[in-house]
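Here's a quick walk through a protein chain, written for someone who would rather look at the structure than read a long methods section. Have the viewer open as you go.

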Amino acid sequence: MDQPLFRVGIIGAGSVVEDYHLPVLNALSQARVMWLCDLNRQRAARLAAAYRIKSVYQQLEQCSEVDVALLAIPLGCRRPVWERLFARGWHVLCEKPFAANVAEHDWIMEAGTAARIQIGAGFMRRTYRGVALARRLVAQSLLGRLRGVWASEGGRLRATGRGSDWYQASRSSAGGGVLMESGCHLIDQVFSICGAQDFTIEHSAIVYHEELDYEARATGTLIPAGQPPCKLAVAVSRLNDYPNQVVLQFDHAQLRIGTAPDAPAQLCTGDGQTVAQLAAAGGAEPATGRAYRAFSAHWCEFFRQCTSGIAALAGAASSRLTTAFIESCYRLNPPPA
Ligand SMILES: NC(=O)c1ccc[n+]([C@@H]2O[C@H](COP(=O)([O-])OP(=O)(O)OC[C@H]3O[C@@H](n4cnc5c(N)ncnc54)[C@H](O)[C@@H]3O)[C@@H](O)[C@H]2O)c1
């Protein structure tokens with residue numbers, strides 16, 4: 001059966017679009033990129049020429065009709081764009097971080113429902129091979145009861161090579177520092193693996209430099225789907241090198257999942273000695289591999305959502321708890337006045 005063809009418009013012609021979305025959409029037979037829209041017309045025009053995209057716009061009002069819009073601009077610039085998108089009635093796949101807080105998350109989802117559009121969030125780690133496998137093992141309690149989850153990611157950031165006008169240099173543009181920008185991926189990865197229903201934070205600490213957080217740590221409790229509460233510890237940093245991994249502790253075993261697209265799931269003894277690398281049987285796992293394949297799988301998920309009207313892996317509603325976790329950490333440890 002022929003797949004429906006989705007006309008896609010891209011808002012934001014920045015790094016994530018150039019490095020991932022355009023190569024991926026260009027290779028997907030069910031997508032046709034119709035235009036790029038960016039305040040920086042030159043940037044959009046250069047990318048459009050490279051991918052033979054006919055139209056370039058600076059304002060959303062000028063853009064031609066599409067089926068799906070990719071919203072790939074920094075968090076702090078999105079609100080007026082969302083309002084225009086609801087009015088246009090296009091489905092929207094929005095890059096991470098999805099929302100600054102739960103109120104904003106709910107506003108987007110409710111307005112999207114009223115506009116009868118599908119909304120996806122760009123948490124493409126959900127399609128990683130190791131994440132998909134771990135999700136199945138936890139959901140089926142194959143390793144027994146989950147006792148704890150330790151997730152960390154970080155490396156010492158020496159220089160960004162970016163100017164002071166980069167969105168990540170401003171809290172109002174990025175929505176936060178390392179916790180919002182990178183931490184949202186890690187937290188969503190944990191919550192996706194565990195089918196998280198809720199969490200509590202018992203201790204948390206954030207290291208700020210001026211308005212931006214450079215390290216965040218939190219410990220508390222996680223309620224996984226269908227299992228009793230377990231311990232949770234999360235750390236993200238631009239100051240210190242941390243293992244880039246999620247460790248799931250069961251009674252007699254650990255499962256370790258890396259944060260990179262290719263990272264295998266490692267089955268370990270209860271005290272962390274690696275026993276085996278796991279691969280899903282029967283080719284049932286999503287075909288990921290390198291990062292662009294994860295973006296590709298994520299786009300396919302979102303196109304399925306647009307066709308079926310049923311939000312699944314790419315759906316934004318299921319990332320609400322990720323938004324809530326980050327908001328709670330910032331509330332408990334606000335930036336210096
Ligand atoms: N999924 C991932 O792994 C991943 C990777 C990188 C970035 N991102 C996310 O993607 C978003 C963009 O990141 P980036 O690195 O591409 O940023 P970038 O700074 O390289 O590009 C952002 C672009 O948005 C444009 N822009 C800003 N406001 C606009 C508006 N109102 N209308 C049209 N264009 C506007 C800017 O002119 C700029 O060209 C961020 O939210 C970031 O967190 C996700």
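What follows covers the two domains, the interface, and a few individual residues.

Keep in mind that this is a predicted model. The domain assignment splits the protein chain into domain 1 (6-124) and domain 2, which is made of two segments (128-287 + 316-332). Their C-alpha centres sit 26 Å apart.

**Where the domains meet**

How many residues of each domain are in contact with the other? It's 20 residues of domain 1 against 20 residues of domain 2. Putting domain 1 and domain 2 together buries about 1700 Å², and carbon and sulfur atoms give 62% of that area. On the polar side, the interface has nine residue pairs in polar contact, with both residues of a pair at pLDDT 80 or more. Looking at the face of domain 1 that touches domain 2, helix 4 (102-114) and strand 6 (119-121) each supply at least two residues. Helix 4 is the top contributor to that face, with four residues. By type, the face breaks down into 12 nonpolar, six polar and two charged residues.

There are also two salt bridges between domain 1 and domain 2. If you want a salt bridge to zoom in on, try the side chains of Glu-181 and Lys-96, which pair up at 3.1 Å, N to O.

**Backbone oddities**

Lys-96 is worth a second look, as the peptide bond running from Lys-96 to Pro-97 is cis, with omega near -15°. Pro-97 itself lies in the loop between strand 5 (91-94) and helix 4.

Two arginines also have a positive phi without being glycines, as listed here:

| Residue | Phi | Loop | Relative accessibility |
|---|---|---|---|
| Arg-52 | about 50° | helix 2 (41-50) to strand 3 (55-57) | 79%, exposed |
| Arg-116 | near 60° | helix 4 to strand 6 | 75%, exposed |

Arg-52 counts as exposed because its relative accessibility of 79% is over the 50% cut-off. Arg-116, at 75%, is exposed too.

**A buried isoleucine**

Is Ile-206 buried or exposed? With 14% relative accessibility, Ile-206 is buried, because that value is under the 20% limit. You'll find Ile-206 in strand 8 (residues 198-209). Setting aside neighbours within four places in sequence, Ile-206 is in contact with several residues, among them Leu-179, Asp-213, Cys-329 and Tyr-330. Thr-274, by contrast, is 68 residues along the chain from Ile-206, and their C-alpha atoms are separated by 32 Å.

Definitions and conventions
Residues numbered from 1 in each chain as written. Predicted model: local features only at pLDDT ≥ 70, side-chain atom pairs only at ≥ 80, totals over all residues. Heavy atoms only, no water. Domains from an automatic or database assignment. Contact = heavy atoms within 4.5 Å. Buried area = accessible area lost by both parts, 1.4 Å probe. Salt bridge = Lys/Arg side-chain N within 4 Å of Asp/Glu carboxyl O. Polar contact = N/O pair within 3.5 Å; in protein donor to acceptor, adjacent residues only side chain to side chain. Nonpolar A, V, L, I, M, F, W, Y, C, P; charged D, E, K, R; others polar. Buried < 20%, exposed > 50% of the residue type's maximum accessible area, 1.4 Å probe, protein only.
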